[in-house]
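Q: Could you take a close look at one part of this protein for me, the place where two of its helices cross? I'd like to know who touches whom there, and how that spot fits into the rest of the chain.

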Amino acid sequence: MPVYKKVEVLDIEDEGDVSNACYYEAIVRDVAPDGKLLIGFDNDWRDPIWVMPSLVRSAAPPKPGNYDPSIDQAVEVKARQGENEPYGWWKAVITTKRNEENGSALFMVHFEGWDDFDDIVSQNEIRPRNGNPSFAQIPLHKVSIPVPKGLPVDQLDESLYAQMQSPSSLFSVYVAQRERKAGDAKHSLVCIGHQAAVKNARLLAKLEFKHRKHIQEIRKERTKDVEKLKSQEEHFSNCEVLTLNILDGTIGIVIGKGGSNIKKAQKIKGVESVKVKDEKKQVIIVAVTREAANAAREILEIVKSVFPVPVELFGRFVGKRFKEVEEIKEHSGVISIRAAKKERFLDAKRNSSRGGEWDNNGGLDAQAEDWADSDPVPKAVIDLEIVGNPSKVESARILLSQRIRNVEEIDQELTSNRAIKERLDVLQNRYGVRNGRGRGQGGGARGRGEG
């Protein structure tokens, strides 16, 4: 939308007689090479006309709030010649003044250039004489500034015109179509004002066009980002998100040497991203499918599990120099299996004839068939701490459970052997048999059948 500053044009039928003419509010739409001005009127009550610059002046400044004209003072009065014409400002002189009780005043005025034309008007219809010089004294100039290619004319909104007009005192700012040559811009920004104003307008336009191009690029980038954001929001809303807590002291293991574990997880088909949050000790996995998320989880998640071993079986269970446990560690692929430094005690019911099952929480399985109804018996155990990926830890637990069953079975077999040997020793001692031989064995003629 164009922006215009109001001017006032003298309305006369004969340009040589201005004694009884009035000034109408108008705008300047164009400036001809010879200096004539194309004048437009409010609401187009009259067609635009070309006039000499001597008939046009700047609009009057606002009337002071304490304005109180006196008798014989030269003023301008707001009036109109007919009902179909707008109000104009006519030169007049105050002949009489009457103050009203409400603080207002009425004035009798005599219109200049008329022999017997007087009228009564209110204070709102009077203003001081407009002393602004005509544009013949301070000529108006027009400058047409090409609008850069790629800058849409609809972006040259009213705010731009207002920015151009205010600091440079332009009377008119608008966009006009250009006569195009090959490679020329389609439109021009037209600025009308005094010489200094249009000079500043060129500088302001150059700066403003550059600014508008920059704004255009920012908005274009924002549009792309909004589309990308919308697409990714829709995409990620259907993704699986897993949050893994990192155990103390294991962040290096989780990440891997040179970030190898992170890279490995990111290469899994369907994994969108893997992010480590050091401050929260968390790993965030985003994947298209649950299967992909769990596959990444298997690489990155480190868990700890406790596997209790009865104290009386511990030595045989772990083997010489921890050999049996080390083999389980290697076969399962866990990071470590370490024994606690101290034993702990569990309250458990166990059938004295067989060993029970040990649950995943470091206690005895109360659902095992061989549990007897008896009072709890304190059971001393030594915990093995298993550290590794969930599936590998589970594999280690399976192997350890099998190991303890094997050790218990061996212990039972050895116990049975010891019981038989003890009975055998008792029998041999009773009958004087040594080293598995009867008293008469090797005794020659002292056997039972002799004689």
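A: Here is a walk through the helix crossing first, then the parts of the chain around and beyond it.

Keep in mind that this is a predicted model. The chain has 451 residues, and 34% of them count as buried. Its secondary structure comes to 8 helices and 21 strands. If you count contacts with a separation of 6 or more, 60% of them link residues 24 or more positions apart.

Now the crossing itself. The two helices are α6, residues 311–318, and α8, residues 390–431. Their axes come within 10 Å and cross at roughly 110 degrees. Angles from 65 to 115 degrees count as roughly perpendicular, and α6 and α8 are therefore roughly perpendicular to each other. On the α6 side, the contact is made by L313, R316 and F317. Helix α8 brings L400, R403, I404, V407, E408, I410, D411 and L414. Sorted by class, the α6–α8 contact has 7 nonpolar residues, 4 charged ones and no polar ones.

R403 is a good residue to zoom in on. This arginine sits in α8 and has a relative accessible area of 16%. Buried means under 20%, so R403 is buried. What does its side chain find there? A polar atom of the R403 side chain lies 3.0 Å from the backbone oxygen of F317. Setting aside neighbours within four places in sequence, R403 is in contact with R316, F317, E324 and I328. Of these, R316 and F317 are among the α6 residues that make the helix-helix contact.

F317 has another role to look at: it belongs to a nonpolar core of 19 residues, which also includes V309, I337 and I382. That core is separate from the largest one in the chain. As a general point, nonpolar side chains in soluble globular proteins tend to be buried together.

Next, a couple of strand residues and what they sit close to in space. P308 is in strand β18, and at 0% relative accessibility it counts as buried. V381 is in strand β21, residues 377–388, and is likewise buried, with a relative accessible area of 0%. R344 is the link for both of them. P308 and R344 are 36 residues apart in sequence, yet 9.2 Å apart C-alpha to C-alpha. For V381 and R344 the separation is 37 residues in sequence and 5.5 Å in space, again C-alpha to C-alpha.

Just before β18 comes a loop worth a stop. E301 lies there, between α5 (290–300) and β18 (303–310). With a relative accessible area of 14%, E301 is buried. Its side chain makes a polar contact with the side chain of R297, at 2.7 Å. Leaving out neighbours within four places in sequence, E301 is in contact with L244, G388, N389 and P390. Among those partners, G388 falls in the range of β21, while P390 falls in the range of α8. That brings us back to the helix we started from.

For context, compare the other core. The largest nonpolar core has 31 residues, and I39 and V109 touch the most other members. Strands that each supply at least two residues of this core are β2 (7–11), β3 (22–31), β4 (37–41), β7 (74–79), β8 (88–99), β9 (105–111) and β14 (187–193). The largest share, 5 residues, comes from β3. I39 shows how this plays out at one residue: apart from neighbours within four places in sequence, it is in contact with V9, A26, I27, V28, P48, I49, V51 and V56.

Two aspartates in loops of that part of the chain stand out for their backbone angles. D44, in the loop between β4 and β5 (49–51), has a positive phi of about 50 degrees although it is not a glycine. D72, in the loop between β6 (56–58) and β7, has a positive phi of about 70 degrees and is not a glycine either. Exposed means over 50%, so D44 at 51% relative accessible area is exposed. D72 counts as exposed too, at 62% relative accessibility.

Key. Residues numbered from 1 in each chain as written. Predicted model: local features only at pLDDT ≥ 70, side-chain atom pairs only at ≥ 80, totals over all residues. Heavy atoms only, no water. Helix = DSSP H or I, 4+ residues; strand = E, 2+ residues; numbered from the N terminus. Buried < 20%, exposed > 50% of the residue type's maximum accessible area, 1.4 Å probe, protein only. Polar contact = N/O pair within 3.5 Å; in protein donor to acceptor, adjacent residues only side chain to side chain. Contact = heavy atoms within 4.5 Å. Core = buried A, V, L, I, M, F, W, Y, C linked by side-chain atoms within 4.5 Å. Axes fitted to C-alpha atoms, helices over the stretch in contact; angles between N-to-C directions. Parallel < 35°, antiparallel > 145°, perpendicular 65-115°, else oblique. Nonpolar A, V, L, I, M, F, W, Y, C, P; charged D, E, K, R; others polar.
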